[in-house]
Protein chains: 2
Amino acid sequence: MSKKLIKREENYSEWYNEIVSRADLAENSGVRGCMVIKPYGYAIWEKIQAELDRMFKETGHTNAYFPLFVPKHMFEAEEKNAEGFAKECAVVTHYRLKNDEDNPGKLIVDPEAKLEEELVVRPTSEAIIWSTYKKWIQSYRDLPILINQWANVVRWEMRTRLFLRTAEFLWQEGHTAHATKAEAIEETEKMINVYADFAENFMGIPVIKGFKTAYERFAGALETYCIEALMQDGKALQAGTSHFLGQNFAKAFDVKFTNPEGKIEHVWATSWGVSTRLMGALIMTHSDDQGLVLPPKLAPIQVVIVPIYKGEEQFKIVVDHAKEIQAELKALGISVKLDDDDKRKPGWKFAEYEMKGVPLRIALGQRDIDNGKLEIARRDTQEKKIYNRSELSEIVPKLLEEMQVNLFDKALTFQKEHYTEVNSYDEFKDILESKGGFIAAHWDGTEETELKIKEETKATIRCIPLENKQEEGVCIYSGKPSSQRVLFAKAY
Amino acid sequence: MSKKLIKREENYSEWYNEIVSRADLAENSGVRGCMVIKPYGYAIWEKIQAELDRMFKETGHTNAYFPLFVPKHMFEAEEKNAEGFAKECAVVTHYRLKNDEDNPGKLIVDPEAKLEEELVVRPTSEAIIWSTYKKWIQSYRDLPILINQWANVVRWEMRTRLFLRTAEFLWQEGHTAHATKAEAIEETEKMINVYADFAENFMGIPVIKGFKTAYERFAGALETYCIEALMQDGKALQAGTSHFLGQNFAKAFDVKFTNPEGKIEHVWATSWGVSTRLMGALIMTHSDDQGLVLPPKLAPIQVVIVPIYKGEEQFKIVVDHAKEIQAELKALGISVKLDDDDKRKPGWKFAEYEMKGVPLRIALGQRDIDNGKLEIARRDTQEKKIYNRSELSEIVPKLLEEMQVNLFDKALTFQKEHYTEVNSYDEFKDILESKGGFIAAHWDGTEETELKIKEETKATIRCIPLENKQEEGVCIYSGKPSSQRVLFAKAY
């Protein structure tokens, strides 16, 4: 930890890459577009998983596991979905390698082991799951089915960035089946609310809930609900989506049920997911020019204790005392690391844990022990304060809570400051370049205008906010009438 | 739940298939050799995962995630490993599908999207992980690396069976890097002990720890430690393996470090894994002719309450009381399901939860409430007993504990009864056919004999037990001298 991090204002994109690398979160692998999630990054992902999993189960869902591969005929069954993902699928065509007779020690694909039907590595699992649900559903008594899956998926992206866009990523995908349209819509909305709740109260990321436009919708959905977050460079990031799929997949896979009146109907579907992309949102929402900043609820290490000492005798005394502090905090369910590595200087450790976003740092020396004091530094405000040792069990949970709230409030203030209503295209372009953020503007509702604006400015419609205020206006681009503002932004 | 299960003695293999299906654990998917793990089966797997994960972390390991794909040149780097898995790999050759112009609505592989280098879907991750470790390791200070990964892997098996042998399966794979040979061997042994501890004390499955013969070893390992369990049909099942990989992968991927004396050396490696195969071991160790039997520590539902009632008024009283019981047990950390489905008869529910292996069933009626009594049925012994309602909080945990111990003891007795020492090949063949189980016999140590015996009898050497008794003898097949008995069995 010697060289300083590049500053956000100098090069935001490079700042992001450096944090991912220097906080030991992830790195590029030897496989094009695929990342290695390193232990520290994965520990954060595990916290995300655990909390989401708890929330899914609390809302009546169970986990299951479906195959990685989708046979081509199944993949193409729902046409829009197939069309949407066909251009970016990894395809398995053979099931064996053999020795290359011309190159000893090398292997080649065995042409005799060509599959009769190609297998697509799942880019999403609607197809394989609905081909399975067909076997499970006969009657309304078999409904609803409320299943989630934690899995890896592959989408062959050409330009990849760690966490934000990778060829393989980890995610969860919920797939539910319902007897009525109303129930399916209720589920779709319930899950976007779960995501928003999770993003805001656990990750400290304020989000705007909304609908996607038809153009931005998930391939095969009738309606896509999303949560949109705002990064510090003024660009938006889609952090989670929940899709109302109507009867599209039920029709494609012929999934019908007998309703209580004995009538046969197609089943209604939803699907919803969040991915390791959330790691990117996390990093870009809270971090600063000193490195990663983590909301305490997501921090694998919530408190680090750094002993300050001279000589072996002091070392022993300080470390013994630090162990007592550690035990006291652990008993409160707080994760504490005592860094008693004798080969590293305190200054190095301070920089290291700052880079890694550890919420609280306790520096403990002989004099602190003698005086019954403690120095605690907060990662978010960089504030250092002296507390009485006797207050430890009250002050640490209190500081962690304050920090969790503070990070959310700070991000919310930023989001509000970067929300601008504009009434002309010039104003739109001006705000987009000067300030960024969400731009609320009237739009005529046509894909034509949406695409023109995208082409000319790179801004896309992030969402039509839920319960949007209805107001008369004219489209900033076409001048045609509009009944509501939609949110534009440049996006990740 | 009408038709009875086929009996083990009638058709053991079919009995297994029926339990997997009727207890709702898993099913075959529309993808050759790949299974769907259903919610109830997956809930058991989650219990397995959670406990193993806890044990791995307690022994100093952290989780991380490495890519699904292995580029061919990386895959072939460690020759023995490559040779061992080449015959069963799924190979990705293209990254795009396109519309089939001759068949509207159909897709074909886009020949223009052929990969320059094929990607192997990981059958195991040593190659991709060691190509990564190369970047992480320079000095002895970077060692040890103690990482585990929870992942899916693919091995193109021709004959598949749910959980026991599937093309795609879920597993964990630990991959560690060490500065010395001794330390790597210590790790290998530590992890086989973790597996044995887990199998016996959590899953109630007694295991024998041993070494694999050179022929049965993991491709690329210098030594494979294993735990072997015995199923009720007398066949063995390998339940976990821990490999000492020596410097093979370090040499293949050129992973070196500077030792404390400044000398450059190759790194020492281990890898170890267990998979969803454990589900097969679980089912076949404990279950009976009535269905699945689950050790309480693994049961997603530990207690089910079935209300017995006539009419709506009784229903309400009984269900209210059952809710009190449920709350009381939940407070003790016990998972309880109250099945108050009014559309199903108690008899149907009894059979259903018996099939699903729920450890304890409480049948609760108006008379029980009036008398302050409870009827509790144990799944393992099928014993029903009346207890005082007031004893609930003591008796239920006690019964669950007794059942956990009883299942292990019963399986251990079976294993001991099916362990036979033989001194001739005739006796060997006779025991193999009449009784099965582990057969301890002298072997001359050659692969030739090992393969002959396998060919003639289908029995393989399951392991050379750790700390095996050394005794002079002659090989049952070749008559050549032997210094110890090894364990043969037919195996899954």
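**Exercise 1. Domains of chain A**

Find how far apart the C-alpha centres of domain 1 of chain A and domain 3 of chain A lie, and describe the side of domain 1 that touches domain 3.

*Solution.*
Step 1. Begin with the bounds: chain A has domain 1 (12-83 + 126-286), domain 2 (298-409) and domain 3 (419-489), with bounds that come from an automatic or database domain assignment.

Step 2. The C-alpha centres of domain 1 and domain 3 of chain A are 27 Å apart.

Step 3. Now look for contacts, where two residues are in contact if their C-beta atoms, placed from the backbone, lie within 7 Å. In chain A, 16 residues of domain 1 are in contact with 15 residues of domain 3.

Step 4. On the domain 1 side, β11 (208-211) and β12 (223-230) of chain A are the elements that give two or more residues. β11(A) gives the most, with four residues. Helices (H or I, at least four residues) and strands (E, at least two) are DSSP runs, numbered from the N terminus.

Step 5. Sorted by class, this side of domain 1 has seven nonpolar, three polar and six charged residues. Here Ala, Val, Leu, Ile, Met, Phe, Trp, Tyr, Cys and Pro count as nonpolar, Asp, Glu, Lys and Arg as charged, and the others, Gly among them, as polar.

A note before you go on: this is a predicted model, in which local features need pLDDT of at least 70 and side-chain atom pairs count only at pLDDT 80 or more, while totals for chains, interfaces and linings use all residues. Residues are numbered from 1 along each chain as its sequence is written, and chains are lettered from A and ligands numbered from 1 in the order in which they are written.

**Exercise 2. A five-stranded sheet**

Work out the strand order of the open sheet of five strands in chain A, and say which helices pack on it.

*Solution.*
Step 1. For the wider setting, chain A has 14 helices and 26 strands.

Step 2. The order is β18-β17-β19-β20-β21 (chain A), with mixed pairing; two strands pair if DSSP finds at least two bridges between them.

Step 3. Check the edges. β18 (336-338) and β21 (384-388) of chain A each have a single partner strand, so one side of each is left without a neighbour in the sheet.

Step 4. Neighbouring strands of this sheet are turned by 25° against each other on average, direction ignored. Axes are lines fitted to C-alpha atoms, for helices over the stretch in contact, and angles run from 0 to 180 degrees between N-to-C directions.

Step 5. Zoom in on one pair: β17 (residues 303-308) and β19 (residues 360-365) of chain A run parallel over six bridges. Within β19(A), A:G365 is the residue opposite A:I308.

Step 6. Add the helices. α10 (residues 346-355) of chain A lies across β17 and β19 of chain A, at about 170° to β17(A). α12 (residues 392-417) of chain A packs on the sheet and touches β17, β19, β20 (373-378) and β21 of chain A. The direction of α12 makes about 10° with that of β20(A).

**Exercise 3. Two chains, one axis**

Which rotation superposes chain A on chain B, and which residues of chain A and chain B are in contact?

*Solution.*
Step 1. A rotation of 180° with 0.0 Å of shift along its axis superposes chain A on chain B (RMSD 0.0 Å). The fit is by least squares on the C-alpha atoms of residues with pLDDT of at least 70 in both.

Step 2. That is the relation of a two-fold axis. In chain A, A:V92 has the C-alpha nearest the axis, 2.1 Å from it.

Step 3. The same surface serves both copies, as 100% of the contact residues of chain A recur in chain B.

Step 4. Count the contacts: 54 residues of chain A meet 54 residues of chain B. The chain A side divides into 32 nonpolar, ten polar and twelve charged residues.

Step 5. Among the contacts between the chains, look at β5 (residues 91-94) of chain A, which pairs with β5 (residues 91-94) of chain B in the antiparallel sense over three bridges. A:H94 stands opposite B:V91 in β5(B).

**Exercise 4. Backbone oddities**

Where is A:P144 placed, and is A:D254 buried or exposed?

*Solution.*
Step 1. A:P144 sits in the loop between α5 (126-136) and β9 (145-154) of chain A. The peptide bond from A:L143 to A:P144 is cis, with omega near -5°.

Step 2. A:D254 is not a glycine, yet has a positive phi of about 55°. A:D254 lies in the loop between α7 (248-252) and β14 (256-258) of chain A.

Step 3. A:D254 counts as exposed because it has 11 C-beta neighbours inside 10 Å. A residue is buried if 20 or more other C-beta atoms lie within 10 Å of its own, exposed if 12 or fewer, and partly exposed in between, with C-beta atoms placed from the backbone.
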